[in-house]
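Work through the exercises below with the model open. Try each task before reading its solution.

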Amino acid sequence: MASDSPESLMTLCTDYCLRNLEGTLCYLLDNETLRLHPDIFLPSEICDKLVNEYVELVKTDSIFEPHESFFTLFSDPRSTRLARIHLREHIVQDQDLEAIRKQDLIELYLTNCEKLTAKSLQTLVSFSHTLISLSLFGCCNIFYEEENPGGCEDDCLVNPTRQVLVKDFTFEGFSRLRILNLGRLIEGVNVETLLRPLASLAALDLSGIQLNDVGFLTQWKDSLVSLVLYNMDLSEEHIQVIAQLCKLRHLDISRDHLSSYYKFKLTRRVLNLFVENLVNLTSLDISGHTMLENCTIPSMEEKMGQTSIEPAKSSIAPFRGLKRPLQFLGLFETSLCRLTHIPAYKVSGDKNEEQVLNAIEAYTEHRPEITSRAINLLFDIARIERCSQLLRALQLVITALKCHKDDKNIQVTGSAALFYLTNSEYRMEQSVKLRRQVIQVVLNGMESYQEVTVQRNCCLTLCNFSIPEELEFQYRRVNELLLNILNQSRQDESIQRIAVHLCNALVCQVDNDHKEAVGKMGFVMTMLKLIQKKLADKTCDQVMEFSWSALWNITDETPDNCEMFLNYSGMKLFLECLKEFPEKQELHRNMLGLLGNVAEVKELRPQLMTSQFISVFSNLLESKADGIEVSYNACGVLSHIMFDGPEAWGICEPHREEVVKRMWAAIQSWDINSRRNINYRSFEPILRLLPQGISPVSQHWATWALYNLVSVYPDKYCPLLIKEGGIPLLKDMIKMASARQETKEMARKVIEHCSNFKEENMDTSR
């Protein structure tokens, strides 16, 4: 289960070595095959960790590159020792097991390894003298081998190989084997023949296998302490055999009540039989069963008062015969879980949060079909009530999502539950590490499952995080995933809206390196395509506004992205939007803000010097949209263009002097105390307009901008102006003969504001 404690040094070192095998433990032979350095010897504690973590990384980390020759590193037991390993799914193939056949394995868990064939059965024989615990759960092809059908050459070309069931394999020679999981074994394998050679099994899992006769189990009646028969259709004969296994401490006869029709019904007599004969029982799972006759105590006979786990007070009649409470009782999707007195310390069920969490914990590994329904119940609890065991709930959902990355139901219910478990109500209870784990599994879900509900849930969950700060450790990956969503030809409107919002937030207040990297991913082109589509639909909605806002943010002090905007016909879209949506103030503000960024780049300004563009910017000077913002941004664009001097004015209409006049009029119409819908990270583009005499109106616009910001937001902008050397520039400008008197007066007020701010915030403590 995911932990909320700091990672151990062992875990950190293992992770580092696996991500840097060539720089740590290995070298490349012939530029392709990994080889362990000859002076390295690793004990089993380290080797087991390396193999198990490698499997986890391949399964859950898309950035991690698997190595074809990884398992060959553990081929020689003189330099590496393996003892306990857990291999999963497509990650392991026949040649990987073959590579480690000389190891003296004690535990080998193979889970859903569908690429393993009968070749791996022969490799298992290599481990037979040491193996104590073995799982072949879900390895559905391991009893199949490929066989050439023989006959004519033509037949071989048409059907070169066929799958043939191996029937002669048994566990002969596995003398130490005590724990065996054959869950979901394919039909046709004779389980009795397979298992007969095992002398003293202690634990056996036959989940999902249909056996009419289980009488052979009695050969282990003196050794078997754990028996799992999940989803086996039971009969009276099965019950009689189970009752003879007197050493059992754990019995699981649960079933998925949705998977198929089961004839068998649990009765009071059957439960009585278990209680009377299986006297060592500490764990029993009867989840999913229908009770044929009433197993409960009538409510009038129940002792009221505080809930009790004492068998004598049990609401389930047969369990009154227990000598002590059970450690675990599985009652998920049965009516019994809702009773008052249940004689068990831990119960899985659907009555309350505790029972639901117990169900998720118990069934995640091998029963995704049950787990998804349990997580759905947790989703309802988190949505409607307050989740009282938040950390445990989050860790269990994270584990389920990692374990079943490709299971649609788990991904849908798990991502939905995460949305409610990470909202602001629970924020203070979650560590940085735990929230990072949530982000990782959310991105895994977005990556591996292109399904509308999963994508929407994942995007909504990401909105619960501080952006970009909390997503910065996965910055490139999250941007790639969001752009992938936005570039899909058929898009869900709600997902599109959330994804654009996230993209916008991700490029706001981040370093220019990040913005340049995201620009190279196709961010600018993606946003312009969205705008183009909305224009074609004549729709100005949040997607349209967020797209322009995102372009404004990503072009901030990033010339490469500004150039992309121009190269991808951004100005054409700007004019079309202005014409199509003349009353959309928020849209105008975002567009003008973006063009302000473009205008700051000297090399790009000539592309703005057309009669059409200059006329548009001049007309927008008189706009009252969004307070002063549209007029202010239009004036900013023109201020940078004016800064290049009269010789750069390569158009006849409108005249430069006429535009200058309109700029002065606009600036004088603004309220100096206007509260702003803008956020400056640096004053550098504004400050560069101060020490010049070629465009006094540009100088005045820059001074007005500084005066407004230090007046209205002194705490934020006085320190920034001082830090970036603005005060000496203002003082020098005051001495300039070309500067207007009103500009100089404003500059003095800016200096005075900053001086007062410094005095007020001076540390006088001794």
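Contact here means heavy atoms within 4.5 Å. The model is a predicted one.

**Exercise 1. Which residues of H16 meet which residues of H18? Classify the contact and describe the crossing.**

Step 1. List the residues. From H16 come Glu493, Gln496, Val500 and Cys503, and they meet Phe523, Met527, Leu530 and Lys534 of H18.

Step 2. Sort them by class. The contact has five nonpolar, one polar and two charged residues.

Step 3. Take the geometry. H16 covers residues 493–506 and H18 covers residues 523–536; their axes come within 12 Å and cross at roughly 140 degrees.

Step 4. Name the arrangement. Angles over 145 degrees count as roughly antiparallel, and 65 to 115 as roughly perpendicular. H16 and H18 are therefore oblique to each other. The crossing is left-handed.

**Exercise 2. Repeat the analysis for H24 and H27. At roughly what angle do their axes cross?**

Step 1. Locate the helices. H24 spans residues 629–642 and H27 spans residues 696–712.

Step 2. Read the geometry. The two axes come within 9 Å and cross at roughly 135 degrees. H24 and H27 are therefore oblique. Their crossing is left-handed.

Step 3. List the contact. Tyr632, Cys635, Gly636, Ser639 and Met642 of H24 meet Val697, Ser698, Trp701, Trp704 and Ala705 of H27.

Step 4. Sort by class. Seven residues are nonpolar, three are polar and none is charged.

**Exercise 3. Find the partner of arginine 19 in a salt bridge. Where do the two residues sit?**

Step 1. Take the total. The structure holds 40 salt bridges.

Step 2. Pick the pair. The side chain of arginine 19 meets that of aspartate 61, at 2.7 Å from N to O.

Step 3. Place both ends. Arginine 19 is in helix H1 (residues 9–19), while aspartate 61 is in the loop between helix H2 (44–60) and strand S3 (84–88). The pair links distant parts of the chain, 42 residues apart.

**Exercise 4. Check the backbone. Which peptide bond to proline 468 is cis, and what is its omega? Then look at proline 654 and glutamate 89.**

Step 1. The bond from isoleucine 467 to proline 468 is cis, with omega near 10 degrees. Proline 468 lies in the loop between helix H14 (452–462) and helix H15 (475–486).

Step 2. The bond from glutamate 653 to proline 654 is cis, with omega near -10 degrees. Proline 654 is in the loop between H24 and helix H25 (656–669).

Step 3. Glutamate 89 has phi near 55 degrees, a positive value in a residue other than glycine. Glutamate 89 sits in the loop between S3 and helix H3 (94–99).

Definitions and conventions: Residues numbered from 1 in each chain as written. Predicted model: local features only at pLDDT ≥ 70, side-chain atom pairs only at ≥ 80, totals over all residues. Heavy atoms only, no water. Axes fitted to C-alpha atoms, helices over the stretch in contact; angles between N-to-C directions. Helix = DSSP H or I, 4+ residues; strand = E, 2+ residues; numbered from the N terminus. Parallel < 35°, antiparallel > 145°, perpendicular 65-115°, else oblique. Left-handed = near helix turned anticlockwise from the far one by under 90°. Nonpolar A, V, L, I, M, F, W, Y, C, P; charged D, E, K, R; others polar. Salt bridge = Lys/Arg side-chain N within 4 Å of Asp/Glu carboxyl O.
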